[in-house]
Every structure is written in structure tokens, then in C-alpha cells.
Amino acid sequence: MQKCVVITGASSGFGAACAHAFAKLGWRLVLTARRGGILEELKQELSSLAPVHAMTLDVRDRAMVAAAFASLPAEFAEIDLLVNNAGLALGLEPAHQASLDDWDTMVDTNIKGVMYCTRAILPGMVQRNRGHVVNIGSIAGSWPYPGGNVYGASKAFVQQFSRNLRADLLGTAVRVTNIEPGMAETEFSKVRFKGDDEKAHHVYTGTDPLLPEDIAEIVVWVASVPQRVNINSVEVMSVCQAWGPLAVHRPK
Ligand code: NDP
Ligand code: 8X3
């Protein structure tokens with residue numbers, strides 16, 4: 001039987017692109033997100049290529065996550081690949097002005113959501129001695145920028161969680177990878193700026209950002225290398241993005 005992939009946040013951006021990429025390879029797909037209607041449309045679109053199970057799921061809800069993955073239909077119950085992709089940034093205000101509610105939402109989604117999904121799926125992988133957890137981190141987990149405060153810190157968690165998973169899984173065949181993209185054009189900025197299309201559009205204006213398909217191609221690649229190979233992390237940026245100099249404040 002073909003392999004089975006669970007993709008969180010499959011209703012948009014990287015997650016939807018991963019769904020298309022793995023469907024083309026004939027993998028069995030478990031697609032999850034909060035917007036169930038979009039998942040149903042995606043299921044209709046991809047069902048001619050691969051078996052698809054769509055599941056409305058909020059990764060912040062610990063009980064819901066545990067129940068959802070404990071009650072998968074038999075055809076989808078043995079998961080070979082978990083793509084922990086669901087995530088978001090909210091706001092770009094400096095720490096002393098940022099919304100605590102936004103911070104809570106980022107922690108609950110980007111940190112706790114990854115914990116809950118991983119903890120629900122990992123025991124089966126270890127038991128079968130087969131599987132791969134691909135986390136979608138960010139360059140923001142390594143490199144600070146103004147306004148990145150809790151978003152970047154949440155992705156630093158994902159980076160270190162990925163490494164610590166590898167440490168725990170030594171002696172099993174289960175693999176772990178953290179993919180750390182830079183600026184990519186998805187719904188990410190629309191979410192960050194709470195529906196302000198103009199602000200979101202401005203982020204990408206005049207640039208040639210990464211596209212969701214670029215990240216999906218990398219996810220497929222890390223999952224396709226020989227079983228003895230573990231790609232620990234992939235940091236990837238558009239050619240049009242690089243680091244700036246360290247900032248220095250010079251009072252007049
Ligand atoms: P999108 O906004 O296009 O997609 C985010 C996905 O996450 C959506 O499918 C959304 O689905 C889902 N999601 C958000 N909150 C929840 C939740 N509580 N429960 C379940 N699903 C949720 O953005 P991207 O594709 O860009 O983002 C995907 C990942 O990539 C994120 O982790 C992001 O931090 C990371 N990333 C993005 C970069 C970029 O520049 N775009 C760069 C580096 C990393 P729904 O709303 O239906 O629940
Ligand atoms: C998304 C990339 O640089 O906007 O993780 O934080 S960035």
C-alpha cells in the first residue's frame with residue numbers, strides 16, 4: 001500500500017501545496033485544518049489521484065487532536081509522514097505594544113499544536129519503527145527581526161523540539177526534519193495583518209518570494225531520500241532575500 005501523510009494546515013499555502021505534491025505521488029492523504037469547507041473542495045480535487053481523508057481540526061485543541069488521530073479510518077491509520085505545518089504569525093508590533101491575545105494564539109498554535117499532533121502520532125511510528133516528522137519552522141526561529149518577538153520564539157521552539165525529537169528517537173528508524181523557510185507568498189501576511197490585503201500585498205510587492213510549491217518540493221525531497229538519511233534541517237530563502245547588518249542606535 002502507498003504511504004500515508006498527515007498534513008496540518010492543508011487548507012492554504014504550504015499545506016495545500018504539500019497535499020497536491022503528495023497526491024501526485026499517490027500517497028494516502030489525511031488533510032486537516034479549521035476550514036473544513038476548503039478541505040472538502042481539496043478532497044474533491046485530489047481524490048482522482050489518491051485516497052483522501054479530510055478532517056476539520058484545530059491543532060490548539062488537545063482533546064480534539066488526540067481524538068481525531070485515535071479514530072482515523074483503518075486505511076489512514078498507519079501514518080508514515082506527519083507534516084506539522086499549521087501555524088501563523090499575528091501582528092508586527094514591538095513587544096511592549098503587542099497583543100497578549102495574539103501571543104497566546106501563536107504559542108497555542110505554533111508550539112502547543114506541534115506538541116499535540118506529534119505526541120498523538122509519534123507512538124505509532126515508533127511502534128512500527130517507521131515514520132517521519134517534518135516540522136515547518138522558519139528563518140524567524142534563528143534570525144531575529146523587529147516585531148518577530150513571539151512568532152520567532154515559537155519557531156525557535158520548533159527548531160529545538162525537532163532536534164530533541166531526534167535525540168529521543170535515536171535507535172529507531174523514525175526521522176525528523178525542520179524546514180525553515182524565509183519569505184513566501186501565501187495567506188501568511190493576510191493572517192498576520194488580520195485581513196488587511198493592502199498591507200499583506202505590500203510585503204511581496206516588487207519581490208520574487210518563495211512559492212508554496214517550492215516548500216512542497218523540499219518536503220517531498222526530505223521524505224524521499226534513502227531511509228538511512230535524516231535531513232535535520234533545511235534553511236531556505238528566496239534569492240531576493242538575505243540578512244541585513246546588525247542594527248545600531250545612534251542617539252543624535
Ligand atoms: P497560510 O496562512 O497560507 O496557511 C496556514 C495554514 O495553517 C492554513 O491552512 C490554516 O488553516 C492553518 N492553521 C492556522 N491555525 C490553525 C489551527 N489553530 N488549527 C489548524 N490549522 C491551523 O500560511 P503558510 O502556508 O505560509 O504557513 C504554513 C506554515 O509555514 C506556518 O507554520 C508558518 O509559520 C510557516 N512559515 C511561513 C512562511 C511564509 O513566509 N509564508 C515562512 C516560514 C514559515 P485554517 O485557517 O483553515 O485552520
Ligand atoms: C515567516 C517568515 O520572515 O516573515 O516565517 O518571519 S518571516
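How far does a polar side-chain atom of tyrosine 151 lie from an oxygen atom of ligand 2? In this predicted model, the separation is 2.6 Å. Taken alone, ligand 2 exposes 240 Å², of which the protein buries 82%. The shell around ligand 2 consists of Ser138, Ala140, Tyr145, Tyr151, Phe188 and Arg192, and these residues divide into four nonpolar, one polar and one charged. Besides tyrosine 151, two other residues of this shell place a polar side-chain atom beside an oxygen atom of ligand 2, namely serine 138 at 2.5 Å and tyrosine 145 at 2.7 Å.

Tyrosine 151 also takes part in the surroundings of ligand 1, where a polar side-chain atom of this residue lies 2.6 Å from an oxygen atom of the ligand. On its own, ligand 1 has 880 Å² of accessible area, and the protein covers 96% of it. Thirty residues surround ligand 1, those that come nearest being Ser11, Ser12, Arg34, Tyr151 and Thr186. By class, the shell around ligand 1 divides into 13 nonpolar, 11 polar and six charged residues. Helix H1 (13-24), helix H5 (149-169) and helix H6 (188-192) each supply at least two residues of this shell. Further polar contacts with ligand 1 involve both side chain and backbone: a polar side-chain atom of arginine 35 lies 2.8 Å from an oxygen atom of the ligand, while a polar backbone atom of glycine 9 is 3.0 Å from an oxygen atom of ligand 1.

Helix H5, which contributes to the shell around ligand 1, also contains serine 162. With a relative accessibility of 3%, serine 162 counts as buried, because this value falls under the 20% limit. The side chain of serine 162 reaches the backbone oxygen of valine 158 at 2.6 Å. Leaving aside neighbours within four places in sequence, serine 162 is in contact with Asn135, Val176 and Asn178.

Turning to the packing of the interior, the largest nonpolar core has 38 residues, and those with the most contacts inside it are Phe22, Leu31 and Val219. When residues up to four places away in sequence are not counted, valine 219 touches Cys18, Phe22, Val83, Val134, Ile136 and Ile179. A second, separate core comprises 27 residues, including Val6, Ile79, Leu122 and Val133.

Several strand residues illustrate how buried positions are surrounded. Cysteine 4 lies in strand S1, which spans residues 4-8, and is buried, with a relative accessible area of 0%. Beyond the residues up to four places away in sequence, cysteine 4 touches Trp27, Arg28, Val30, Phe76, Glu78, Ile79, Asp80 and Leu81. Ile79, one of these contacts, is also among the residues of the second core. The C-alpha atom of cysteine 4 is separated by 9.3 Å from that of glycine 26, although the two residues are 22 residues apart along the chain.

Histidine 132 is part of strand S5, residues 132-136, and has a relative accessibility of 3%, so that it counts as buried. With residues up to four places away in sequence left out, histidine 132 touches Asp80, Leu81, Leu82, Met125, Val174, Arg175, Val176, Thr177, Val222 and Ala223. Among these, Asp80 and Leu81 also appear in the contacts of cysteine 4, and Val176 also appears in those of serine 162.

Alanine 54 lies in strand S3, residues 52-56. Its relative accessibility of 18% is under the 20% limit, and alanine 54 therefore counts as buried. Not counting residues up to four places away in sequence, alanine 54 touches Leu31, Leu39, Glu40 and Lys43. Leu31, one of these contacts, is also one of the residues with the most contacts inside the largest nonpolar core. Leucine 39 is 15 residues from alanine 54 in sequence, and the C-alpha atoms of the two residues are 6.0 Å apart in space.

Finally, local features were examined at both ends of helix H7. At the start of this helix (residues 197-204), a side-chain oxygen of aspartate 196 reaches to within 3.2 Å of the backbone nitrogen of glutamate 198. Helix H7 is followed by glycine 206, whose phi is positive, near 75°.

Technical notes: Residues numbered from 1 in each chain as written. Chains lettered and ligands numbered in written order. Predicted model: local features only at pLDDT ≥ 70, side-chain atom pairs only at ≥ 80, totals over all residues. Heavy atoms only, no water. Helix = DSSP H or I, 4+ residues; strand = E, 2+ residues; numbered from the N terminus. Buried < 20%, exposed > 50% of the residue type's maximum accessible area, 1.4 Å probe, protein only. Contact = heavy atoms within 4.5 Å. Core = buried A, V, L, I, M, F, W, Y, C linked by side-chain atoms within 4.5 Å. Polar contact = N/O pair within 3.5 Å; in protein donor to acceptor, adjacent residues only side chain to side chain. Near = heavy atom within 4 Å. Areas by Shrake-Rupley, 256 points an atom, 1.4 Å probe, with all protein chains shown as cover. Nonpolar A, V, L, I, M, F, W, Y, C, P; charged D, E, K, R; others polar.
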